[in-house]
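Colleague: I've got this model open and I'd like a close look at just one part of it. Could you walk me through the open sheet and whatever sits around it?

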Amino acid sequence: MFKKTLVALALSGLSTAALAASVTGADEKVSLEGVAVVGELTQDDLADPAFVQGAEYIVNDVIAITVTGAKFDTTVDPVLSTDNNGGATTPASFAFVDFQGDNVARFRVSTANSAKGDTLTLSKFTLDTSDAVAKGKVSFSSKAISVNPSIGDYDASKATSTAPAYTYVSQLTSDLTKFDGVITTSKGRQQFATDPLKDVLTVDLTNVSSLKPLTFTKLTHVLKGSDFSFAMDYDADKDGKLSTAELGNALTIATKATANADTFAAKLNDNMTELTITQTVDTDIDSFTVTANVKGQAAKGSVLTKQSFTFETTATTASTGTASIPAASAGAWTLDGSSDDIELMPFGTEYAQSITVANRGTVEGAITVTLKAEGKTYTKELTQVAAANSVTNISLEVAAFAKESGITGNAHVNVVVNAPSGNIGVKGVYYHKASADRVLTY
């Protein structure tokens, strides 16, 4: 926890206008989640706000103390006292008058004048923090109200948005070093271009030092993508399920902590689109990595899917306190070539197809075709390539691939070319032999 700082507003000069305050110190952080549970800040939590008089206050003048970013608990009477730095024989005293709304406490100079330069200290107060918002600040300001109506307000401190204050912050934060794997089409989209068999997400967690902190005992992280089915390559016993160890081989979670390390448990949903990671906190909250391990082309691994990832966290205490980190980008897997879709292409003896790949660039590219039909997926790298500055007709090879795959009806066709995407264009036309209809589908 940070050392508590004194909220001090140094005032100077008698005036009916707001004066620039001379302030020192730094903001102190308050756990937004902590005050949400407790609902208040007390004198024990905060250093007593102190105000240096810029003028003499006389008996029956009123001192108004204003709090922003919180509200006074009006069931608790605050106290205002002086250090009597002026050395008066009879020190000034201040009688609490009332609360003016929820944000202003008023006191009357009651027994003797209070000298210029004396420091007034507010204590015995409780603040209601139910309206706390992230990055909001609890701060204090003051003014004197003369008993002489011709003077009115004087010795006012300016608004304390730049003065030492208490700032509400989310107690738990994370910094992500994102997935950035580039799926290489030259290897059948089965591995990455740079580090062929893995991509790493790093999750750096910070438990912000603050007032009113919560003690988190468990964190639940959700990593979302669109296709984690490559993990099934690690189904060693081929039972169609991933044991804890098998999932750990596919998606490995590790922490750098060497002592008092947190423990982690992972679960992949049935659709293989979400990895839920449960982190049980030992002492401190540990940062960790998630490594996606792929088999690669040599080991006949799965075809990887171009996709984006998000990561979100919910933390809980042993009782009722929670904190959350909203979903944020956790990176993406991209292709090192182009990817084009023909949404509908019928196959079978009643149809003929014309599928062409136009390459307007100087880089020749391998062509990989994926067919999806009746809930199944078939992928093949063609013997043909997308020649530079040419149009390549892949119709016969795709039709033969569809036939050997047993596709005799409508299919979705994805064509990936290992060449700069801006230079590649794919067109698909089918011909219904009986009706002589030709349809351009893409």
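Modeller: Here's a tour of that sheet, followed by a strand pairing elsewhere in the chain and a word on confidence. Bear in mind that this is a predicted model. The sheet you're asking about is open and has four strands, in the order S27-S32-S29-S30, with antiparallel pairing. Strand S27 (338-346) and strand S30 (376-386) are at the edges; each has a single partner strand, so one side of each has no neighbour in the sheet. Going from one strand to the next, the twist averages 20°.

Start at the S27 edge. S27 runs antiparallel to strand S32 (residues 410-417), and seven bridges join the two. If you want a spot to zoom in on, take Ile 342, whose bridge partner in S32 is Val 413. Then look for helix H3 (residues 395-404), which packs on the sheet and touches strand S29 (365-373) and S30. The direction of H3 makes about 150° with that of S30.

The sheet's strands also turn up around the largest pocket, which has a volume of about 330 Å³. This pocket is lined by 17 residues, and those closest to its centre are Arg 189, Thr 305, Thr 370, Lys 372 and Asn 414. Which elements give two or more residues to that lining? They are S27, S29, S30 and S32, and these are the strands that make up the open sheet.

For another bit of strand pairing, try strand S25 (residues 307-317). One face of S25 is covered, with Gln 307, Phe 309, Phe 311, Thr 313, Ala 315 and Thr 317, while Ser 308, Thr 310, Glu 312, Thr 314 and Thr 316 are on the uncovered one. S25 pairs with strand S20 (residues 216-224) in the antiparallel sense over eight bridges, and Leu 219 has Ala 315 in S25 as its bridge partner. Eight bridges also join S25 to strand S26 (residues 322-335), again antiparallel. Phe 311 stands opposite Ala 328 in S26, and S25 and S26 form a hairpin with four residues between them.

As for how far to trust all this, the chain has a mean pLDDT of 88, with 91% of its residues at 70 or more. Over residues 1-25, though, the pLDDT is below 50, even though this stretch has 77 contacts in the model beyond near neighbours in sequence. Residues 159-163 stay under 50 as well, with nine contacts beyond four places in sequence. Where pLDDT is low, the predicted coordinates shouldn't be read in detail.

Note on methods:
Residues numbered from 1 in each chain as written. Predicted model: local features only at pLDDT ≥ 70, side-chain atom pairs only at ≥ 80, totals over all residues. Heavy atoms only, no water. Pairing = 2+ DSSP bridges. Axes fitted to C-alpha atoms, helices over the stretch in contact; angles between N-to-C directions. Contact = heavy atoms within 4.5 Å. Buried < 20%, exposed > 50% of the residue type's maximum accessible area, 1.4 Å probe, protein only. pLDDT = per-residue confidence, 0-100. 1 Å grid on protein atoms, 1.4 Å probe; cavity = no way out; pocket = protein on both sides within 12 Å on 5 of 7 lines; lining within 4 Å. Points joined across faces, edges and corners; volume = space filled by probe spheres on them.
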